[in-house]
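Okay, thanks for coming, everyone. I'll put the structure up and then talk you through a few spots.

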Amino acid sequence: MPGVHALLADGSTALIRRAGPEDSAEVLRLYEEMSPRNLRLRFFSLSDRSARLAAEGLPDPRDATSAGHLALVAETGGRLVGIAESVVAPEGSDTAEVSLAVGDEWHHRGIGTLLLEHLVDAARTAGVGSLTAYALSENHEVLKVFADLGLHVERRFEGPEVRCVVRLEQDERYLDAVDARDRSADLLSLRPLLEPRSIAVVGAGRKPGSVGGVVLRNLALSGFTGPLHAVNPQARAVAGVPSAPSVAELPFVPDLAVLAVPADDVPRTAELCGERGVRALAVLSSGLDRERGAALLAACRRHGMRLVGPNCLGVATTGEHRMNATFAARPPASGTTGVAVQSGGVGIALLDRLDRLGMGVSDFVSLGDKFDVSGNDMLRWWESDGRTELALLHLESFGNPRAFARTARRVARRMPVLTVDAGRSDAGRRAAASHTAAAATPTMTRGALFTQAGIIAAHSIGELVDTAALLHAQPLPTGRSVAVVSNAGGIGVLTADACAEAGLRVPRLPPGTVEALTELLPSGASAHNPVDTTAAVSEDRLRACVALLSATSGVDAVVVALVPTALAAATGDDLLRALTHAPDRRSRTVAAVLPGQQAPVQLHHHGDEPRIPGYADARQAAHALAHAATYAEWRARPPGTVAEAPGADTAGARLIVEEWLSSHPEGGWLDPHTCARLLCRYALPQQPWQWAATEDEAVEAARTVALPPPRGTGRVALKAHWPGLLHKSEQGAVALDLTTEADIRAAYRDFATRFEGQLTGVVVQPMAPRGIELFAGVVQDEVFGPLVVFGLGGTATEVLADHAARLAPLTDRDLHELITSPRCAPLLFGRGGGGPVHLDGLERLLTGLSRMATDLPELAEADLNPVLARPDAVTALDARVRLVPREHRDPYLRRLR
């Protein structure tokens with residue numbers, strides 16, 4: 001049976017899959033090889049009969065009598081090494097009894113914990129609320145496994161036995177525990193790739209244009225100190241490095257094998273490497289079709305090898321474990337910047353620009369087609385390596401965005417994480433999908449991911465490098481207020497404009513600061529912001545000016561724009577030296593704008609003094625500073641906690657979804673009754689309504705729902721309905737402000753005439769009082785998962801596109817940002833004289849949507865439009881929900897892609 005691969009505690013790989021009757025012999029063998037003590041701890045006796053019955057009783061998924069019985073097994077190297085089973089209690093209970101066994105020689109490698117995590121996920125999906133396990137009180141190991149899961153565990157001693165009840169509610173404590181285990185295993189699995197003790201280059205040719213030959217030469221010149229060998233059947237040595245005719249004949253087992261062989265040979269070569277015991281592969285080869293790619297990944301999983309690529313530039317590391325296993329023209333200099341890219345071309349450009357800046361790298365990894373090792377892996381590595389202080393990513397696709405966001409959010413609190421927001425246009429998204437064979441990612445969804453995770457997203461490589469230079473050389477700004485200083489008024493004005501356009505503030509300076517600057521600067525200088533020192537300013541006076549502004553309250557950063565003048569040249573003053581030779585280490589962020597500088601960005605420094613980033617254009621400096629300020633604001637705020645959804649009935653909602661999909665296996669839009677029932681399960685406020693299938697029923701329904709003021713207006717609305725109707729207003733399927741029986745009958749007859757053959761009935765609702773019309777909805781992105789969208793609603797929602805979005809589940813911080821981000825937000829807080837709307841109700845509505853989307857992967861779309869926001873209430877006037885059959889997949893469950 002197919003399964004998933006996951007990392008064990010020692011960094012090796014295990015296959016987790018469902019077991020069936022065909023596994024009975026292997027399971028019995030597992031029990032027979034257990035020590036008498038461990039067999040007794042498992043079955044509470046030494047009887048062979050218990051083990052035999054357990055092996056023979058494995059569930060058959062094709063047999064209805066096996067419903068509620070699940071068995072998962074762990075395999076390594078094709079050998080079954082552990083089993084976990086759960087049996088659901090009698091009908092009417094939401095608990096299941098669980099058992100666990102791991103082969104003697106496989107203890108303390110995390111197999112039992114991994115099996116339980118997957119069993120917990122399967123049980124939760126099946127609606128099980130708790131697991132019950134029985135163990136002998138002396139079985140400390142298995143009791144510790146349950147205690148360390150991260151779930152709430154209750155213990156009760158019953159004679160020599162201990163009864164453990166494990167509650168399956170998934171909370172942050174459990175996710176943190178799972179993530180910590182995954183992170184630890186991930187780091188161990190990456191060591192053969194990023195800290196290899198020995199390397200082999202397979203396919204290293206002697207011709208000048210051989211990719212493998214270039215990689216081998218780069219490795220030989222990089223200072224790698226471990227055993228290094230080539231694999232070439234026609235040579236005994238390549239570039240002075242010994243060569244073996246095959247992987248099998250290498251004189252040592254390499255930790256890392258770099259494959260530069262034709263695409264047809266990649267799967268077989270990978271299999272040979274795995275059989276030899278290689279722990280990691282970097283596959284440079286391109287042109288693998290789907291079949292070859294699947295075979296390559298299968299070989300890596302089968303033999304527990306981590307894989308970079310295929311179609312990649314290679315891997316390089318600096319520091320103690322120095323190596324350059326790439327075919328880049330120049331080796332990366334040693335430094336503290338971690339770089340991971342999907343595109344080799346982007347990688348080469350980044351390495352070149354960082355080198356010109358004097359910013360070396362800690363690690364450089366070209367991910368290529370990203371079959372295995374991803375940006376998530378690299379962030380975890382840099383988080384723990386003790387060297388990396390800045391992370392640069394270029395990712396065209398995301399394998400597990402929610403796990404990536406969780407990692408990035410944690411790492412970004414320790415170091416800046418920067419990326420290029422690639423594929424923003426339709427053309428760019430098509431290119432990204434074609435280049436990486438990955439699904440395109442919508443701009444809004446990707447932006448939500450970056451915002452929530454604290455990732456700095458630049459729009460170009462240049463902007464990425466500009467921002468990296470500032471973050472590398474200067475402290476984070478403490479706010480958005482900028483003092484602009486220039487020795488030429490025009491360039492100062494342009495710099496101030498650039499700062500304001502980038503979202504920074506150029507405030508008035510305090511009177512005391514203006515007075516001090518007036519005394520300090522030459523005659524004719526302007527001491528207001530921007531500060532014009534005039535061309536007559538000396539090096540010493542400029543240094544004092546910047547120092548004064550850096551010490552001024554309300555100034556968070558200083559941008560100094562300098563143009564070369566004949567006056568400075570005549571006096572021997574170097575105005576840039578006023579910044580680089582500062583006697584004190586500034587607490588404020590300082591950047592320079594140098595229009596005469598040839599390089600777009602350059603780091604200027606003197607000795608050990610702080611380096612000053614200099615930019616050829618004011619807009620570069622402003623954008624870099626704005627990115628830094630946004631990141632500083634994000635980091636200064638406390639992490640959010642997942643918002644609670646009071647009244648949520650997950651079990652009831654799942655039952656509604658299952659019942660509806662059982663009669664609509666293709667999925668589709670819910671009918672009004674089912675839609676309303678589902679929304680009620682999450683306490684989402686809805687306008688009262690009644691269904692009417694005839695003209696007379698519409699009249700009778702109107703008498704019921706037409707509420708008098710102040711709860712209503714005394715008027716009603718009729719909304720036509722038929723399966724698949726989406727945009728009612730656009731199709732004229734809404735009749736408003738109906739007050740008399742004649743109005744209602746006329747409206748119904750109009751619908752019946754215009755929509756003959758389609759109309760199935762009408763929804764009758766009271767007309768709501770005036771309020772702000774908003775839009776709130778959810779879309780399940782195929783790549784990123786559920787996205788909550790909020791903004792201006794009504795008929796203007798698509799025209800004005802005033803929306804913000806955040807990925808679910810929403811935290812309290814996400815809620816605040818979601819409500820305050822749209823342009824219409826000031827209206828919600830009372831601007832315009834209407835008074836603030838019911839903000840608590842708005843938060844509850846968005847929280848309910850978030851919880852519903854997180855609970856129900858089958859929820860493809862949910863649109864609440866309009867949502868009427870008033871000071872006393874928030875109510876959805878219209879709602880539509882679309883369900884599709886979709887397999888449950890926990891994004892945080894430990895598994896390799």
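Quick definition before anything else: helices here are DSSP runs of H or I with at least four residues, strands are E runs of at least two, and both are numbered from the N terminus. This is a predicted model, so local features need pLDDT of at least 70 and side-chain atom pairs count only at pLDDT 80 or more, while totals for chains, interfaces and linings use all residues. Residues are numbered from 1 along each chain as its sequence is written, and side-chain values use heavy atoms, with hydrogens and water left out.

Let's start with backbone oddities. Thr534 sits in the loop between β24 (531–532) and α18 (539–550). Its phi is near 70°, a positive value in a residue other than glycine. Is Thr534 buried or exposed? Thr534 is buried, at a relative accessible area of 17%. For the cut-offs, buried is under 20% relative accessible area, exposed is over 50%, and partly exposed is in between, with a 1.4 Å probe and protein chains only.

Asn311 is not a glycine either, and has a positive phi of about 60°. You'll find Asn311 in the loop between β15 and β16 (314–317), and Asn311 is partly exposed, at 29%.

Then the cis peptides. Ala808 to Pro809 is cis, omega near 5°, and Pro809 lies in the loop between β36 (803–807) and α27 (812–820). Asn865 and Pro866 are also joined by a cis bond, with omega about 0°, but Pro866 is in strand β39 (residues 859–869).

Okay, on to a sheet. There's an open one with seven strands, mixed pairing, in the order β11-β12-β10-β9-β13-β14-β15. The edges are β11 (237–238) and β15 (306–308); each has a single partner strand, so one side of each has no neighbour in the sheet. Helix α8 (residues 266–276) packs on the sheet and touches β9 (199–202), β13 (256–259) and β14 (280–283), with its direction at about 165° to that of β13. Contact means heavy atoms within 4.5 Å, and the axes are lines fitted to C-alpha atoms, for helices over the stretch in contact, with angles from 0 to 180 degrees between N-to-C directions.

Inside that sheet, β10 (residues 228–231) and β12 (residues 241–244) pair in the parallel sense over two bridges; two strands count as paired if DSSP finds at least two bridges between them. Val231 stands opposite Ala244 in β12.

Ser243 is in β12 too, and counts as buried at 11% relative accessibility. Where does the side chain of Ser243 reach? It gets to the backbone oxygen of Ala235, at 3.2 Å. Among the residues Ser243 touches, leaving out those up to four places away in sequence, are His229, Val231 and Arg236.

Last stop, the packing. A nonpolar core is a set of buried Ala, Val, Leu, Ile, Met, Phe, Trp, Tyr and Cys residues joined through side-chain atoms within 4.5 Å. The largest has 111 residues, and Leu193, Val258, Leu379, Trp382 and Phe404 touch the most other members. Helix α21 (residues 618–636) gives the largest share, 10 residues. There's also a second, separate core of 43 residues, including Cys675 and Leu842.

And a small one to finish: in helix α3 (residues 48–56), Ala51, Ala54 and Ala55 are buried, while Arg49 and Glu56 on the other side are exposed. The cover over those buried residues includes α1 (24–32) and α2 (36–43).

How values were computed. A polar contact is a pair of N or O atoms within 3.5 Å; within protein, one must be able to donate a hydrogen and the other to accept it, and residues adjacent in sequence count only if both atoms are side-chain atoms.
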